[in-house]
Every structure is written in structure tokens, then in C-alpha cells.
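Dear colleague,

I am handing over the structure below, and my notes on it follow directly after. Please read them with the model open beside you.

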Amino acid sequence: QVQLVESGGGLVQAGGSLRLSCTASEGTFSRYAYGWFRQAAGKEREFVAGIGRSGVFTRYSDSVKGRFTISRDNAKNTSYLQMNSLRPEDTAVYYCAADSRGTINTVASNSGGYTYWGQGTQVTVSS
């Protein structure tokens, strides 16, 4: 079983950048695909980005494509979400998730595709 800890959230002005990190405390990091989700107040959790076990395949929601970049560093047991050109509508709690099912290139875009979840980190973008 893997435990995930997110960090890097905070308050930023519109147009600014933040980099979120998701560190796995146990298990073999390279065995898992990783995803980032977010949940704004009063809204359902939504997929943001995902990266497969190989690190080759990634997937993004249309709302963040071209602005956010997901990556992974297996040596550091960490997945990153680089967020640029942030907008007030990006304000949410961001969650990291991991899963070992599927193929080496599987990147799930739904919550059910991930078994393990972090506690979340708040991102607030002011206008």
C-alpha cells in the first residue's frame, strides 16, 4: 500500500504559477500511475492530469491543457503538477492519486481508476 502526501499549494495571483508535488511514502513508486484531481467548493471532484507508469503517456483535462504539465521522478518517489497561467477558476483542493492496475501506459481519467489518494492541498488563485 502506498501513502501519498501533496505539497506546494498556496495563494497566487491570476497569471502566476505553482508547482504541486506528490510524494509516495511507501511501495515502489514506479509501479504506479499517478493522477491529479481537484475539487472546488460546492462542485464535484474532477480530473486534471495523469501520467502512466512509463512516464511516456500523459492525459489532461481540456480546461488545463497547455497550462499544466504533469511529470514524475521515480528516483525521488514524486509526481509533479506544474501549473502556469493560473486562473481564479483553478481555485480548488488538489488531490494526488495512484494506481497500479492497467498497462504500463494506462492513464485513467476517472476517480474509479485510482486506488490510493492523498489528503489534498489548497490552491487559491486571486483575481
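How many bridges join strand β9 to β11, and do these strands run parallel or antiparallel? Strand β9 (residues 92-99) is joined to β11 by 3 bridges, and the two run antiparallel; strands here are DSSP runs of E of at least two residues, numbered from the N terminus, as helices are for runs of H or I of at least four residues, and two strands pair if DSSP finds at least two bridges between them.

Before going further, please keep in mind that this is a predicted model, in which local features need pLDDT of at least 70 and side-chain atom pairs count only at pLDDT 80 or more, while totals for chains, interfaces and linings use all residues. Residues are numbered from 1 along each chain as its sequence is written, and side-chain values use heavy atoms, with hydrogens and water left out.

Within the pairing of β9 with β11, Val93 stands opposite Gln122. Strand β11 also pairs with β2 (residues 10-13), through 4 bridges and in a parallel sense, and there Gln13 has Ser126 as its bridge partner.

In a regular strand the side chains alternate between the two faces of the sheet. Strand β11 (residues 121-126) shows this alternation, with Thr121, Val123 and Val125 pointing to one face and buried, whereas Gln122, Thr124 and Ser126 point to the other face and are not buried. Buried means under 20% relative accessible area, exposed over 50%, and partly exposed in between, with a 1.4 Å probe and protein chains only.

Strand β9 also takes part in a disulfide, for which the criterion is a pair of cysteine sulfur atoms within 2.5 Å; by this rule the count comes to 1. The disulfide joins Cys22 to Cys96, with an S to S distance of 1.9 Å. Because Cys22 lies in strand β3 (residues 18-24) and Cys96 in strand β9, the pair ties together parts that are 74 residues apart in sequence. The torsion about their S-S bond is about -75°, so this disulfide is left-handed, and both Cys22 and Cys96 are buried.

Lastly, two loop residues deserve a look at their backbone. Asn77, in the loop between β7 (68-73) and β8 (78-83), has a positive phi of about 55° although it is not a glycine, and Asn77 is partly exposed at a relative accessible area of 25%. Ser85, in the loop between β8 and β9, likewise has a positive phi, near 50°, without being a glycine, and Ser85 counts as partly exposed at 42% relative accessibility.

With best wishes
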